[in-house]
Amino acid sequence: MNAPLRRVAISVLVLFTLLIVNVNVIQVVRSDELRSDGRNTRVLAEEYDRERGSIVVSGTEIATSVATEDRLTYLRQYPQGPLYAPVTGYYSLVYGNVQMERAANEVLAGTDDRLFVRRLADLFTGRDPSGGDVVLTMDPAVQETAMAGLEGVTGAVVALDPATGAVLGMASTPTYDPNLLSSHQPAEIRDYAAQLDALEIDPRLNRAIDARYSPGSIFKVVVSAAALASGEYTPDTVVPAPDELTLPQSTSTLENFGGSACDPSGQQSLIDALTISCNTAFAQLGIDLGEERVREMAEAFGITGEGFDIPLTVEGSTLGEIENDAQLGVSSIGQQDVQLTPLQAAMIASAVANDGTLMSPYLVDQVRAPDLSVIDQTDPDELSEPVSAEVADQLTDMMVGVVEDGSGRRAQISGVQVAGKTGTAENAGPDHNWFIGFAPADDPQIAVAVFVANGGGTGGDVSAPIAGDVMQAYLEGQGG
Amino acid sequence: MTSGPVTDPRAAAPGTPPPPKRRNTELALLGFAVLITLVAQAIVDLTVTGSLTTELATFGVWFTALWAVAHLVVRRWAPYADPLLLPAVALLVGLGLSFIHRLDLAAQQAGSTVSREDAPVQLVWATLGLVLFIGVLLVLRDHRLLARFAYTLALIGLVLLAIPAVLPASLSEVNGAKIWIRVAGFSIQPGEFAKICLTVFFAAYLVDKRDVLALASRRVMGLELPRGRDLGPVLVAWMLSILVLVFERDLGSSLLLFGIFVVMLYVATERASWLVIGLGLFAGGALIAYQLFGHVQQRVDSWLDPFEYYDGSGFQVAQALFGLGTGGLFGAGLGGGRPDQVPVAKSDFIAAAVGEELGLFGLVAVIIVYLVLVERGLRTSLICRDAFGKLLAAGLSFAIAWQVFVVLGGVTGLLPLTGLTTPFLAYGGSSLVANFVLVAVLVRISDAARRPAAPVGQPKPALGDAPTEVVQT
């Protein structure tokens, strides 16, 4: 009987291994999913029992916890609700937490490793444990101006400090009131969510980072960078700029905006082509440079197709598949399958502004313990160097031309030189309107991207003025 | 086929010292198990109430005394017994008591009006279990005696199994399963005792009949199929398990009994065909039961997706999964989780409480303690010299393994839920007491198996040549 006995012993081993593997799957692989399941009341009760940390902008709490008398001890409140909603997100009994409430959850809930010593101390001193604060890099004036500028339209504004990558403003419209999703009454929460669901456009989407759009002509800055960086072009290099470009290996043609001519001679300097945003010139330029150089430059600017965290999760921007020169031509004017998030657009302006060095964008400046001691300070981090300082200067000159003499005039600020580029992107609906730029051109303090979805006008008409206002608000606030 | 006494490697050759008894190993391991239990109890008290209670001291003395007595009895009356069996049981019982105590405290904190404490009750059951454990060791000096009562035990087993089915639901039904006898405030789960009685019967019966049952009539696809007329016993066992499934709505006992029988049949006959036939029969029976009975369908549905039936039959498993997931790798710590969120956490779902508070590491450790217990039992079977003891040890060990697998599988969503309890760990007097008896029998068999055999079949050596006798204590 020993042979079958041994087999039984091995079978028992297999059965127990199955149990152990299954427990591993539940407790390790599915752990997060089960832990954060909305119906799992253990984490929730524990979290609401603890004073959640605040989200702070410039000394003001934009999300904070207040004690209540009801079963869940603390209520989350957003004093300026809709203004910062795209960044704060909400903290909901029913729908969980999103945006910063989710990305910084461990700090806010007090479970972050950096708060470990503090928690230990709480244990011994018998203090009620509470969460840490998250101090954002944002500037209230920038945020307010950006949200005001977008009022009534669907769109997004992102403002960066080009030297550090700090996010100065992140607006998205339409917006919503996170207080109504964060109450302690599930019925109220569901009612408000149903109202939001009924809208054509979901306000809970942060258009600055959660969605990507055809960039149109602002992408010409990337193509210009590729041309200048190749060493074969200067801003004064004369490039072909026909009225109409027949795309290679196809019968379709490409025209300029509104069917206008770029230059009577059919050719113009690179700087002039950017200033008036000549489509045929840039399509031909992209084709002449080749896909590899255009794609490499785009990737250096961060358009890699991969998302990243700031710590909010940013959708990846992409060039899409480029199958032939015809598509390369159309891609070079920011159409075809080129898709950018407004944050990515701001990163392009920011890299040019920062002497060609792209800084990693970030939203969290400091993490503070409940006693306000700083336990983590973000150090600016270099992401890449898409172009040399020399090329960045040339691009700056070209972009100054756009604002001074070209399509971006309405972004001008009195007394300050502004560099920028407009974009008007065709899509299924009315055109998207873009503007990216920075100021002051000689010593950039702020880089912005303004996106208005289906604005119907041009980037110069619709988006440039918002960008001008945002940059002016910031420069005035800085004493400039 | 079997290892006869003459070829047994453990038969002491003249002049070699007898194998070590390892009683001190057992004592050290028992001490370790008791220590872990007391520390666990202290942590529970400190975390949940913030102070140590005087009950802890009482508990400590009582619990330590239990195992000291058990150890002394084994040392005296089963000196060669496997040294790992008792410590494994002690650790499981101790952890179980700690968790039941922890859940008692949780219920008190939640302001439960019924402030009955289950941990002291369980401790009384454990004491009763140990009394029976000692009784079995004292009365049953040779496990082969059990074979004589095989048919009596079979009858007792069947009666025990049948009682809940014929009792009115008011006296036998708890949470939908008719597997109880509820008299005068006590609930007894007779199936746990029936399990042991029937295993003893299976062992005796199969030892008797295995030669016939091993006869093959023809080969089909590499399997030696038995003769048609020999299918009788397996069909009877199958019918029995189906009856249990249908009349007591107890998938657990049904699965348990049939599994034990088929595996013992396989071990006895060395014919893999019995496993295939058994599996086929059970699958067929289960399929028919699924088609015919609503409660079986419900169990299966809520097993396949507990979250879809969250508001009904899937709630318990879903809550257990939440607990396990929240526990993660290291767990919330004893007293740090919310295991009371799972309905009936003390009995059916105590493993979920272990996983939530001790984490993956704690739960896997518990599973491995079970594995040690089972594999030591199977090892006993392997070295046992008589066919009945061999088969009985195999059956009892497999019973524990199979029950642990079915219960933990149910709690963790690997299998449909059954009404079985986690041996030694879970709250429940019948299960605890019955399993103590089961282990007593295993200890008895392992004592016999590891005891150096008196040289058999050899002429008794002349007195002058006889090896020095080692005095057995």
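Which strands of chain A does helix H17 lie across? The close-ups below, taken from a predicted model, will take you there.

**View 1. Helix H17 of chain A rests on two strands.** Here is the answer to the opening question: H17 (residues 389-405) lies across S19 and S20 of chain A. Follow the helix and you will find that H17 runs at about 65° to S19(A).

**View 2. Five strands of chain A form an open sheet.** Read across the sheet and the order is S8-S7-S21-S20-S19, with antiparallel pairing. At the edges sit S8 (167-173) and S19 (419-425), each of which pairs on one side only. From one strand to the next, the twist averages 5°. As a reminder, strands of a sheet pair through backbone hydrogen bonds, either parallel or antiparallel.

**View 3. Strands S7 and S8 of chain A pair up.** Six bridges link S7 (residues 155-160) to S8(A), and the sense is antiparallel. To get your bearings, look for Val157(A), which stands opposite Ala171(A) in S8(A).

**View 4. Helix H16 of chain A crosses three strands.** H16 (residues 342-353) lies across S7, S20 (432-439) and S21 (446-452) of chain A. Relative to S21(A), this helix runs at about 150°.

**View 5. Chain B meets chain A.** In this contact, 43 residues of chain B touch 29 residues of chain A. On the chain B side, the elements that give two or more residues are helices H10 (251-269), H13 (315-327), H14 (350-383) and H15 (387-411). H14(B) provides the largest share, twelve residues. Sorted by character, the chain B side has 26 nonpolar, 13 polar and four charged residues.

Notes: Residues are numbered from 1 along each chain as its sequence is written. Chains are lettered from A and ligands numbered from 1 in the order in which they are written. This is a predicted model: local features need pLDDT of at least 70, side-chain atom pairs count only at pLDDT 80 or more; totals for chains, interfaces and linings use all residues. Two strands pair if DSSP finds at least two bridges between them. Helices (H or I, at least four residues) and strands (E, at least two) are DSSP runs, numbered from the N terminus. Axes are lines fitted to C-alpha atoms, for helices over the stretch in contact, and angles run from 0 to 180 degrees between N-to-C directions. Two residues are in contact if their C-beta atoms, placed from the backbone, lie within 7 Å. Ala, Val, Leu, Ile, Met, Phe, Trp, Tyr, Cys and Pro count as nonpolar, Asp, Glu, Lys and Arg as charged, and the others, Gly among them, as polar.
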